[in-house]
Amino acid sequence: MINILLCDDHAVVRMGLKMLLNNHDDMQVVGEASEGNEGIQQAVELKPDVVVMDLSMPHGKDGMSATSELKKLMPEIAILILTMHDDEEYLFRAIQAGASGCILKSAPHDELLAAIRSVASGNAYLHPSATKRLMEEYIGSVKQGNTDTFNLLSDREKEVLTLIAKGFSNKEIAEQLVISVKTVETHKGNLMEKLQMKTRPELVSYALKKGLLGYGI
């Protein structure tokens, strides 16, 4: 069961989302909040698996600030940004703030459900048009030779990379981060894909060069 907290300043939107999500056997809405500060408080108390966070909340703390603060308090929580802005600036800021995914308010219901299940499993989710723009920007950066692949890693992936470099097994990493072994394997696979590496020794060498163990080579 995926426990979900809704954070949106429109009561009608929250009601609609609650009816939609509670209609699925693997999901339940455990709490609601109308602005960021309330959302943070509810998340700390209820410890949901996923927070569906509205980006624009004019009264109180906005979704961007709330996401950043909540990830510092609860690094393990998955936050799915719900926004009307199909703008890469908002997308990049949300990812930098710690969001696990971003979806448009105009998206079909099936896409929202898929996004929630994806971030709840420890994966990232971006709506299709955002993914296309990110890929275009990344490819452009690579061609210009001005990108650092380390910046492509999420905070969780960096944690997994550091523990791999310290010699921990997948099971030990899962225990330390309080996640499943399957999720660790997913993060490891993502690391290898992003860094274009195929073996654990390559990851260890890379982590050392980046100084993730407190010293570099």
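Let's start with lysine 105, which is partly exposed in this predicted model, at a relative accessible area of 29%. What does its side chain meet in a salt bridge? The partner is aspartate 54, with N and O 3.3 Å apart. The two come from distant parts of the chain: lysine 105 sits in the loop between β5 (101–104) and α5 (109–120), while aspartate 54 belongs to strand β3 (residues 50–54), 51 residues apart. Aspartate 54 is buried, with a relative accessible area of just 2%, because anything under 20% counts as buried. So this salt bridge pairs a partly exposed lysine with a buried aspartate.

That contact isn't on its own, either. Asp8 comes in as well: salt bridges with shared partners join Asp8, Asp54 and Lys105 into one network.

Now look just before that loop, at β5 itself. In general, side chains in a regular strand alternate between the two faces of the sheet. Here both faces of β5 are covered: Gly101 and Ile103 are buried on one side, and Cys102 and Leu104 are buried on the other.

Which strands does β5 pair with? One is β4 (residues 78–83), which runs parallel to β5 and is joined to it by 4 bridges. Within that pairing, leucine 82 has isoleucine 103 as its bridge partner. Another is β6 (residues 125–126), again parallel, with 2 bridges to β5. There, cysteine 102 stands opposite leucine 126. If you follow the chain from β5 through α5 to β6, you trace a left-handed β-α-β unit.

Back to charges. Side chains of opposite charge can pair when their charged atoms come close. How many salt bridges turn up in the whole structure? A search finds 8, and two others are worth a visit.

Take lysine 194 and glutamate 157, whose closest N and O atoms are 2.9 Å apart. Lysine 194 lies in helix α9 (residues 181–195) and glutamate 157 in helix α7 (residues 155–165), so their salt bridge ties together parts that are 37 residues apart in sequence. Lysine 194 is partly exposed at 28% relative accessibility, whereas glutamate 157 is buried at 5%.

Then there's lysine 61, whose side chain meets that of glutamate 69 in a salt bridge, at 3.3 Å from N to O. Is the lysine of this pair buried or partly exposed? Lysine 61 is partly exposed, with a relative accessible area of 22%. Glutamate 69 is partly exposed too, at 32%.

Notes:
Residues numbered from 1 in each chain as written. Predicted model: local features only at pLDDT ≥ 70, side-chain atom pairs only at ≥ 80, totals over all residues. Heavy atoms only, no water. Salt bridge = Lys/Arg side-chain N within 4 Å of Asp/Glu carboxyl O. Buried < 20%, exposed > 50% of the residue type's maximum accessible area, 1.4 Å probe, protein only. Pairing = 2+ DSSP bridges. Right-handed = clockwise from strand over helix to strand, strands pointing away.
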